[in-house]
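Let's take a friendly walk through a protein model, from its overall build to some of its individual residues. Have the structure open beside you and follow along.

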Amino acid sequence: MIRRIVAWLWPDTLAARVVLVLLAGLTLFHLGSIWLHQIGTDAALDTTQEEQLAEQIAAAARAISAQPADRRAGLAHALSTANLDLRWTAEPVLPAAPHNDHRIASLEARLGSLLAPDSVRQVRLGPTGSGDVVALFGPGSSHAIAGAIALADGTWLNLRVLRFASAAVSRHASLLSTTAMALGILIVGLFVVRNLNRPLRQFAEAANRVGAPGVPPAIMPEKGPREVRHAAQAFNRMQARIDRLITDRTQALAAVSHDLRTPIARLRLRAGFVDDAETQHAIDTDLDEMEAMIDATLAYLRGETESEPRRAADLAAILETLCDAAADAGHAVRWTGPRQARLVCRPVALKRAFANLIDNAVKYGGGAQVSLDADADTMTVGVEDDGPGIPEEALESVFEPFRRLEESRNRGSGGSGLGLTIARQVVEAHGGTLVLENRAGGGLAATVRLPRSLAAGDAVPC
Ligand SMILES: Nc1ncnc2c1ncn2[C@@H]1O[C@H](COP(=O)(O)OP(=O)(O)OP(=O)(O)O)[C@@H](O)[C@H]1O
Ligand SMILES: [Mg+2]
């Protein structure tokens, strides 16, 4: 549960994480230093305030006790300020009750030391909630303290004090400074992390391009901080090695495939001298199969799609021709789709891709249902069969070059394992996708989606 909450709070991007850590750390540090500073300032402020207040009260008490009784009430009123309310009465406003407020006790002690025992008899201070304070002064702030000073003649000078007026202001100020600091960190943090993030993004983009068909390799710029420069150099060296490895292997495979043609041609000649017609036919079939495999391998290695120019073609016609040819060859292949679906593409390459899919459906599924659905953005071609399908875990791996499933190998149905590789290569070169799925009722469904952004005309429904 806690882990889930933390995972939810913990942001996904590096920038947000760095800013969050910076913010949390600096806010804690800032709040801590404000707190320490506040304690020190509060103590100093309290002492100064207390001193001033005690002197003000003591001076008022001395001045009032020096006056005749009929002028005392008027003087008490005249000496009152916004922070200190004074009233002269015959009775004390506060009872002589103990309290445990150390600030009041400290002010009491200071007052006691300031007032000579001959001018006053007693000093009582306490919270405003006690005695008749409200009755005498009216309702007031809860931060107030009240007091009563017994003058030499037995009359009383009552007082009420408002304190801590500056605390709220300083709290506002610290809140403001914390917010300003957080905003500052946010802006600076985002700026710094964006800069740090840039090489990471470039790495991700460059790595994505490694080995992608038809995409030139991305060379990382070898600049920036030392760590980034080193990483970029290592990445570029790695990419060069991969490139060389692929080129070497490709050339070796292409050379072998190509050189096999000569012994195959010789074998074919020699097969002509075999007397037994059945054996001769069997040898010829095997040689045909070998030649087809070599052709497919060479086509794949040359990346045939790249050389063919783009032009407007009718995808519906291409598919219908393929289906008719397969049906003529005695296979159960059905076609449904619009009469026309024009698309700017490389038609020879696309035809090869769909031929490979239909060939698979016929070879492994016993027949094919081919459909075309053209909407405003996409042309969707489905090639479905009722065969055994492909185990879920192999649905992606069958696209790898020369990958054939075990049962296909055992069946001896020929094939080089390049049909799907080439089909996907062609479809992706057109900006489309090819996915395989097992159908709910059994069999395989190959779905090709081609973007219509290059379409030159609309499909005409049947
Ligand atoms: N419709 C399908 N039903 C069942 N398995 C299939 C189907 N299509 C492909 N496969 C499996 O995927 C493997 C790879 O297919 P792919 O077309 O790439 O090669 P291939 O058909 O063996 O040879 P090639 O197409 O080069 O002649 C096949 O060997 C087969 O095992
Ligand atoms: Mg195939």
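Of the 462 residues of this protein, 23% count as buried. Keep in mind as you look around that the model is predicted.

How does the radius of gyration of the protein compare with that of a compact globule of 462 residues? The globule would come out near 23 Å, but the protein has 47 Å. Its C-alpha atoms fill a box of roughly 155 × 55 × 40 Å along the principal axes.

Now for the parts of the chain. The protein has 12 helices and 11 strands, and it is divided into three stretches called domains, listed here.

| Domain | Residues |
|---|---|
| Domain 1 | 1-208 |
| Domain 2 | 226-298 |
| Domain 3 | 309-454 |

The centres of domain 2 and domain 3, taken over C-alpha atoms, are separated by 24 Å. Contacts also link distant parts of the sequence: among those between residues at least 6 apart, 66% join residues at least 24 apart.

Next, the nonpolar cores. The largest one has 43 residues, and the members that touch the most others are Leu319, Ala353, Phe354 and Ile358. Helix 10 contributes the largest share of this core, with 8 residues. A second, separate core holds 27 residues, including Ala58, Ala61, Trp88 and Val161.

To see one core member up close, find Leu319. Setting aside neighbours within four places in sequence, Leu319 is in contact with Trp335, Gly337, Phe354, Val370, Leu372 and Val381.

Helix 10 turns up again around ligand 1. Which residues are closest to ligand 1? They are Asn360, Leu405, Gly415, Gly419 and Leu420, out of 24 residues that surround the ligand. Helix 10 (347-365) and helix 12 (419-429) each supply at least two residues of this shell, and helix 10 gives the most, with 5 residues. By chemical character, the shell divides into 10 nonpolar, 11 polar and 3 charged residues.

Finally, have a look at Phe402, in the loop between strand 9 (378-384) and helix 11 (406-411). This residue has a positive phi of about 65°, although it is not a glycine. Why does Phe402 count as partly exposed? Phe402 has 13 C-beta neighbours inside 10 Å, and a residue is called buried at 20 or more and exposed at 12 or fewer, so a count in between makes it partly exposed.

Key:
Residues are numbered from 1 along each chain as its sequence is written. Chains are lettered from A and ligands numbered from 1 in the order in which they are written. This is a predicted model: local features need pLDDT of at least 70, side-chain atom pairs count only at pLDDT 80 or more; totals for chains, interfaces and linings use all residues. A residue is near a molecule or strand if its C-beta atom, placed from the backbone, lies within 6 Å of it. Helices (H or I, at least four residues) and strands (E, at least two) are DSSP runs, numbered from the N terminus. Ala, Val, Leu, Ile, Met, Phe, Trp, Tyr, Cys and Pro count as nonpolar, Asp, Glu, Lys and Arg as charged, and the others, Gly among them, as polar. A nonpolar core is a set of buried Ala, Val, Leu, Ile, Met, Phe, Trp, Tyr and Cys residues joined through C-beta atoms within 7 Å. Two residues are in contact if their C-beta atoms, placed from the backbone, lie within 7 Å. The radius of gyration is taken over C-alpha atoms; the globule rule is 2.2 Å times the number of residues to the power 0.38. Domain bounds come from an automatic or database domain assignment.
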